[in-house]
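Trainee: I would like a close look at the sheets of this model and at what packs on them, with the cut-offs spelled out as you go.

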Amino acid sequence: MTKIEHLPVPSWALTKRFLSRQRYTLAGAALLLVLLMLLLWQRTAWEVCLDNETIAYTLDRDQVQSLARGILAADGRLEESNANLSFHEVKRSAVELTTYEELKDRLTCALLQQQPGWSVQVGGRDIITLSSQEEAEAVLAQVLTYFPPEDGAQLKKARIKEKTHIAPCIARKTTFISVAEAVAYLIRGTNETRDYKVKSGDSLWSIAVAHDMDVDDIKAANPGISENLQIDQELSLVVPTPYLNVVCEEEKTVLEPIPFETNTVRDHHLYTYERRVRVAGKRGSRRVTYNIVKENGEIVEKNIINEE
């Protein structure tokens, strides 16, 4: 019987056979990946709507529902919320899916009725919220001019004692206020209003007693008020505790009378009880310029800087 001997296969042939198999394997894997991507691309996606307004696109609506419940529960509004969350099928290839973080932010703003705004911070604390940066800047500008200079005085400078800052924020729509409301709130420290109209016979003392206040409280609630009240004059009965204190420096020049001096000399020709005017005195006058420092409309310092 003839013996068949197997000749050794050259190494180059083995390498070629191995590479050929690898190419088939890689081609198969690439084809499988393409098919998988096509299947995923053709999957159904969900359009997420809140009160008929589209807010996101997702593949997992159960995740969206769970996230929405968590947001409302954390805010204590799970039972009272009447938000209408709905889903509509769309082609996956026709939309761009929303990332989880962006979905969470959009759901939070929509469910809690939040929107971008600008806050005025005092000492690092958010105090008021407005709808735009321009409005927030207008508030601080109006606070500076809230206490006008007295008649005949010239405002030299004004500043806010506290450290203020304007920053973007996300807040509920119900917290947004107007520029006028914001200025009043920062100056008064409260939105409370208690007004009183002066009647015949009223005085600061009688009004204070009738409302369980001190006269100083009435004066603090009504900067610049005098003792001479007018009938139908409106007074505030809320003592302010301002968030912002405005310091103003004013300059005022006034004409003041100078009383004449009386010098008495002895005259031996007169009885001791008799008096005779030798030289009649006359009132003089002087022009005085004052530097006046006020805090929230009240004088805290007054100095003469020029006198003629």
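What percentage of the 308 residues in the protein chain is buried?

Mentor: Buried residues, meaning those under 20% relative accessible area with a 1.4 Å probe and protein chains only, where over 50% is exposed and anything in between is partly exposed, make up 28% of the 308 residues in the protein chain. This is a predicted model, in which local features need pLDDT of at least 70 and side-chain atom pairs count only at pLDDT 80 or more, whereas totals for chains, interfaces and linings use all residues. Residues are numbered from 1 along each chain as its sequence is written, and side-chain values use heavy atoms, with hydrogens and water left out.

On confidence, pLDDT being the predictor's value for each residue from 0 to 100, the protein chain averages 82, and 79% of the residues score at least 70. The mean is lowest in helix α1 (residues 11-41), at 58, and highest in α4, at 95. Where pLDDT is low, the predicted coordinates should not be read in detail.

The protein chain has 7 helices and 12 strands, taken as DSSP runs numbered from the N terminus, with helices (H or I) of at least four residues and strands (E) of at least two. One open sheet consists of 3 strands in the order β2-β1-β3, with antiparallel pairing, where two strands pair if DSSP finds at least two bridges between them. Its edge strands are β2 (53-58) and β3 (85-91), each of which pairs on one side only, and the twist from one strand to the next averages 30°. Strand β1 (residues 44-50) pairs with β3 in the antiparallel sense over 7 bridges, and L50 stands opposite L85 in β3.

Two helices pack on this sheet, and their angles run from 0 to 180 degrees between N-to-C directions, using axes fitted to C-alpha atoms, for helices over the stretch in contact. Helix α2 (residues 61-74) lies across β1, β2 and β3 and runs at about 155° to β3. Helix α3 (residues 100-111) touches β1, β2 and β3 as well, contact meaning heavy atoms within 4.5 Å, and its direction makes about 155° with that of β2.

A further open sheet has 4 strands in the order β6-β10-β11-β12, again with antiparallel pairing. Because β6 (153-160) and β12 (298-307) stand at the edges with a single partner strand each, one side of each is left without a neighbour in the sheet. Neighbouring strands here are turned by 25° against each other on average, direction ignored. Strand β11 (residues 284-295) pairs with β12 over 8 bridges in the antiparallel sense, and K294 stands opposite I299 in β12. Helix α4 (residues 133-144) lies across β6 and β10 (246-258), running at about 135° to β6.

Turning to the side chains, the structure holds 2 aromatic pairs, for which ring centres of Phe, Tyr and Trp (its six-membered ring) must lie within 6.5 Å, with planes under 30 degrees apart called stacked, over 60 edge-to-face and the rest tilted. Y146 and F147 form an edge-to-face pair, 5.0 Å centre to centre with 75° between the planes; Y146 is partly exposed because its relative accessibility is 38%, while F147, at 12%, counts as buried. Y185 and Y243 form a tilted pair, 5.4 Å centre to centre with 35° between the planes. That pair links distant parts of the chain, with Y185 in helix α5 (residues 179-188) and Y243 in the loop between β9 (234-236) and β10, 58 residues apart.
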